[in-house]
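Biologist: I am new to this structure. Could you take me through one part of it closely, step by step?

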Amino acid sequence: MVGRRCYAVVVGVALTVLLAGCVGPTVTDAGYRNKVGDTARQISSSIASARLAVQLDLDGRMAFALTDQTVSDAESDADSAATALASRQPPTDSALKLYQRASRPIQDAVDALRALRIAVRRGDSAVIRAALAGLDAPQHGMDDLRTAASGG
Amino acid sequence: MKADSELSADEMLLDRQILDVDGAAIGKIDDLELTEPEDGGAPVLTAFLCGPTALGPRIGGRLGLWWAAIGRRLRPTDEAYPNRIPIGEVDCVDRAQVRLTVSRDALDADRFRDWTRDHIIGRIPGAG
Amino acid sequence: MSRLFKMALGVMTAIGGFVDIGNLVTSGITGARFGMALTWAIVLGTMGMTLYGEMAGRVAAVARRPVFHIVRERLGVRTGMANLAAFLLLSGLMLAAELGGVALVLQLVTGVNYLVWVPVAAAVTWLIVWRVSFSVMENLFGLLGLCLVVFVVALFVLPTDWGALWHGATHPWVPPDQGHPMYFFYAVSLFGACLTPFQVVFFSSGGREEHWTTKSLPEMRLNALVGFPLGGLLSIAIMAAAVVVLKPAGVDVSHLGQVALPVAQALGPVGLALALVGFMAAVMAAAAECALSMGYAVAQYLGWGWGKDRLPRDAPRFHLVCLVAVLGATALVLTSVDPVTVTVLSVVLGAAAIPLTYFPVLVVANDGDYMGSHVNGRTLNALASVFLVIMVVTSIVTVPLLFFTKAGR
Amino acid sequence: MRATDLLGAVVYDSEGVPVGAVRDLRLTAGGPPVPDSGRPAYRLSTLECGPVGVAHRLGYGHRPMSGPWPLTVLLRMLVRRSVLVDWADVTGVHGNRIDISRRRTELRGAVRDGS
């Protein structure tokens, strides 16, 4: 009986630690930098994914709802990554500076993906091409941000 | 009963699948009934016991009590003693299987199965 | 002729049946992130699956005992029950992942949100469990699952640098931009995706459903020794396709649809259609197998009648368990938890639970009383022991890895 | 009496020293007729007692196990410490305690050497 109770306590503690690990706050400067880098990486991947799907669609190699789905997913992933970062409190002054440096390009990227999604839904290939070209600048922005977050 | 001249309870009997005369599954040997004979000698094997009221005590703890209680509710008379399969109805016991001389329907061993069939599965279209 | 046909059919369905949502998702993710560096995990997992499947199949054919008979017989009532509970929990998670996978594929085809398709997927899964005969289920879905061969075709059409792929597979170093915990977390996920306990429970119980005897051993061995490795090869092809197309583009896979993009690039709409049919068949079959394996496990542990070769009213409790499993998993998916996350979680936790069922099967495969001349040979035992160690190590490191990598994010 | 009342009970020898827990019951043919059927019964003849039950349960006691290697050696070693107690020597069963009339040293080993 004692053994069983012990077991329950151990499982409880393990679960708590596990859950805490999943949503734990970033308290250090380095942790925050990491978070910014991760966000940039996620958004960059979303842009790449949407770009690939739309390019294939323009080449007539896609079918069904896959293009639409991939672009929508990319937009919502980027949006939720941006929101997740914005909800973190920057722990230090330099972290705050990094956030201020990051928020503009991140918002641009989300906006560009949104524009692409709207264009894809409307189905006008000229507009789609324009929206696709509009991804280039945010892509560079994310690359720069990753460098900034990992470097000094 | 066709079997070796020596059986071991844990190694050959307990937790083995019981099949009826047609090869249909009846349950596991959840416990063995040993009866002390009137001549006062060593206990003899008189029956296989099966069902939740035999398994419950082996699970132990609160889960075991709960298991046995559910089993008791399923018995017609709220009886705590498990289903008996008298040793006389056992056809053979060997390493491969435990088989009976009677059919599943003659045993009335499994009210839970009947209840599930009559109240849930039998009511779904296509149950056969 | 008919025997040859049957054998070929068996192998083909084993290939199609090997791949499920776990393989699709983990191969896609790891290919895009790590290149071919984790190929070894698929190879290891497939070898383990082949070994385990062959032993379980042999025990089912010779000793006439499917997996959960053995679990209770050899581990006893209490340990056996803990084992059963773990199996049900993990298979339930896996079933939720498969149902979510079916719904996601339907979303990709129709554009309608996957949550709408979840009840449909659940209903079809249950109907397969309820009425479709065992051989129709295996053969139909197994063959449709072979559509996934388009991934292999795609590799030949794409400008694939085979030398680079081979170099990546034979130089399994951790990529500089990824940490060790992440690398090993995904290695565990691939291992667990190939070596799924529910597939072994299904394989061995299916053997009893088809009344295997010692005479069926060659057929069973062919399925396990040829079919499973070819299934593993298919998983590697899916990974390689992601390496060729998604990795250079910088796409990090987080949705099922992204896994199909390489095929679209190589083969256009027709290839894409075939890939989606393959996804659908593989995941649908896995969902039904998963639900059935939960029914098999409970019925075998408690000694109830089970099987698809009899009418539901003759095995009512078995069908009740399957029904409850499908309903429970459906409820889980309907909470709108991300199916891809559920998939990764279930293959990783599944990897941790492998020794629970593998160990008793290994013991019984050595029991001369049951197996006669068909006991494990020396070489097989040596290999099986090595795998037991690998599995135990895997299950020890899994939970810490899950914690450190925050489930691979 | 049920089999599981005896299984797991601890056996004490004539000097009160614990011998081990009951791991298995051996039943021998040729007992008196059973009331149900009138056929001769299997009679409880021997208790197999030992410190560790796992090895026995897995089959490494008496079954012809062909491997796997490290387990065979390890588990056989555990089983070798088991002893046999004749039911005739049992003087009393009190709940989870079984008393016998012999000393520990007089008991036979459960596994014959060489098997």
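Modeller: What follows is a close look at one helix pair, with a short stop at a sheet afterwards. Keep in mind that the model is predicted.

Start with chain C. Two packed helices are described by the angle between their axes and the distance between the axes. The pair here is helix H3, residues 39–62 of chain C, and helix H16, residues 378–404 of chain C. They pack at an angle of about 120°, and their axes lie 11 Å apart. Oblique is the class for H3(C) against H16(C), because of that angle. The crossing of H3(C) past H16(C) is left-handed.

Now the residues. From H3(C) come Leu44(C), Met47(C), Gly48(C), Leu51(C), Glu54(C), Met55(C) and Arg58(C). They meet Leu380(C), Leu383(C), Ala384(C), Phe387(C) and Ile390(C) of H16(C). What is the make-up of this contact between H3(C) and H16(C)? Nine of its residues are nonpolar, one is polar and two are charged. Glu54(C) and Arg58(C), both in H3(C), count as charged. Gly48(C), also in H3(C), counts as polar.

Next, chain B. Here four strands form an open sheet, in the order E3-E2-E8-E7. The pairing is mixed. Its edge strands are E3 (25–28) and E7 (90–93) of chain B, and each pairs on one side only. From one strand to the next, the twist averages 25°.

Look at the E7 end. E7(B) pairs with strand E8, residues 98–100 of chain B, in the antiparallel sense. Three bridges join E7(B) and E8(B). Opposite Arg99(B) in E8(B) stands Cys92(B).

Notes: Residues numbered from 1 in each chain as written. Chains lettered and ligands numbered in written order. Predicted model: local features only at pLDDT ≥ 70, side-chain atom pairs only at ≥ 80, totals over all residues. Heavy atoms only, no water. Axes fitted to C-alpha atoms, helices over the stretch in contact; angles between N-to-C directions. Helix = DSSP H or I, 4+ residues; strand = E, 2+ residues; numbered from the N terminus. Parallel < 35°, antiparallel > 145°, perpendicular 65-115°, else oblique. Left-handed = near helix turned anticlockwise from the far one by under 90°. Contact = heavy atoms within 4.5 Å. Pairing = 2+ DSSP bridges.
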